[in-house]
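Student: Please pick one helix and describe closely how it sits against the rest of the chain.

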Amino acid sequence: MKIVGDKVVLRAMEGQDNDMLQILMEDQKAQKVIKGYACPLSCRRKKGCLSPLPHTAGSMRNIIADKRDPQAGLGIIFLSHMDFENKTAEIHIKLLKSARGNGYGRDAVNTLVSYAFGELGLSYIYGNILEHNIPSRRLFETCGFKQEGMHPSKTYQGSRPRNVCCYGIKGG
């Protein structure tokens, strides 16, 4: 399945995406502003993590690719904690450094949100972003998400806990 936006194609993970996914996992600058991948992974563990993952009842994982070259991955975007009874899901995105600032993130978020509201029947999507991750906060605000609150995180970077900003958007 492919979901087509203005600039991007959201597609299933494939074996060819392993190198791109590994680069995302090892991006030290990104590790300072996102949750996850908090410790170094062995090569064997990385390969297990990078195996193409199918969509499950509670998640939908997609590679972000340039519409002009849909085989070359630029990042990953997915919905998790999909709750069809309450019509909600959490959104996550991570782009390669080379893809940031080019409108791919905005188009990917807008494309997936539109798909989730229109095709999946969801009515509310939320994201949790570390307080000091200003680029991600701006991205979600640009895409129509509203900050709805903040809470202390259980995520530590160094010896400091990081606050998490809670963003949400409602479908029409």
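Tutor: Of the contacts (heavy atoms within 4.5 Å) between residues at least 6 apart in sequence, 62% join residues at least 24 apart in the protein chain. This is a predicted model, in which local features need pLDDT of at least 70 and side-chain atom pairs count only at pLDDT 80 or more, while totals for chains, interfaces and linings use all residues. Residues are numbered from 1 along each chain as its sequence is written, and side-chain values use heavy atoms, with hydrogens and water left out.

The protein chain has five helices and eight strands, taken as DSSP runs numbered from the N terminus (helices H or I, at least four residues; strands E, at least two). Along the sequence they follow the pattern β-β-α-α-α-β-β-β-α-β-α-β-β. Of the 172 residues in the protein chain, 44% are buried (under 20% relative accessible area with a 1.4 Å probe, protein chains only; exposed is over 50%, partly exposed in between).

The helix chosen here is α5, which covers residues 134-142. Its buried residues are Ser136, Arg137, Leu139 and Phe140. Seen down the axis of α5, these residues fall within an arc of 160°, so they line one face of the helix; the arc is that of the directions from the axis to the C-beta atoms. On the face of α5 turned away from this buried side are the exposed residues Pro135, Arg138 and Thr142. Just after α5 comes Gly144, with a positive phi of about 95°.

What does α5 meet in α4? Leu139, Phe140 and Thr142 in α5 meet Gly105, Arg106 and Val109 in α4. The axes of the two helices, α4 and α5, come within 9 Å and cross at roughly 50°. The helices α4 and α5 are therefore oblique to each other. Axes are lines fitted to C-alpha atoms, for helices over the stretch in contact, and angles run from 0 to 180 degrees between N-to-C directions; oblique is what remains after under 35 (roughly parallel), over 145 (roughly antiparallel) and 65 to 115 degrees (roughly perpendicular).

Beyond this pair, the wider setting is the largest nonpolar core, which has 31 residues. A core here is a set of buried Ala, Val, Leu, Ile, Met, Phe, Trp, Tyr and Cys residues joined through side-chain atoms within 4.5 Å. The residues with the most contacts inside this core are Leu79, Ile91, Val109, Ile125 and Phe145. Helix α5 is one of the elements that give two or more residues to the core; the others are β2 (8-11), β3 (60-66), β4, β5, α4 (104-118), β6 (124-130) and β8 (160-170). The largest share, eight residues, comes from α4.

Ile91 gives one view of how these parts join. Apart from neighbours within four places in sequence, Ile91 is in contact with Phe140 and Phe145, and also with Ile77, Phe78, Leu79, Val109, Leu112, Val113, Ile125, Tyr126 and Gly127. A second, separate core has seven residues, including Met13, Ile63, Ile76 and Leu96.

For another helix with a similar description, take α1, residues 18-26. There, Met20, Leu21, Leu24 and Met25 are buried. Down the axis of α1 these buried residues fall within an arc of 140°, so they too line one face of the helix. The exposed residues Asp19 and Ile23 are carried on the face of α1 turned away from its buried side.
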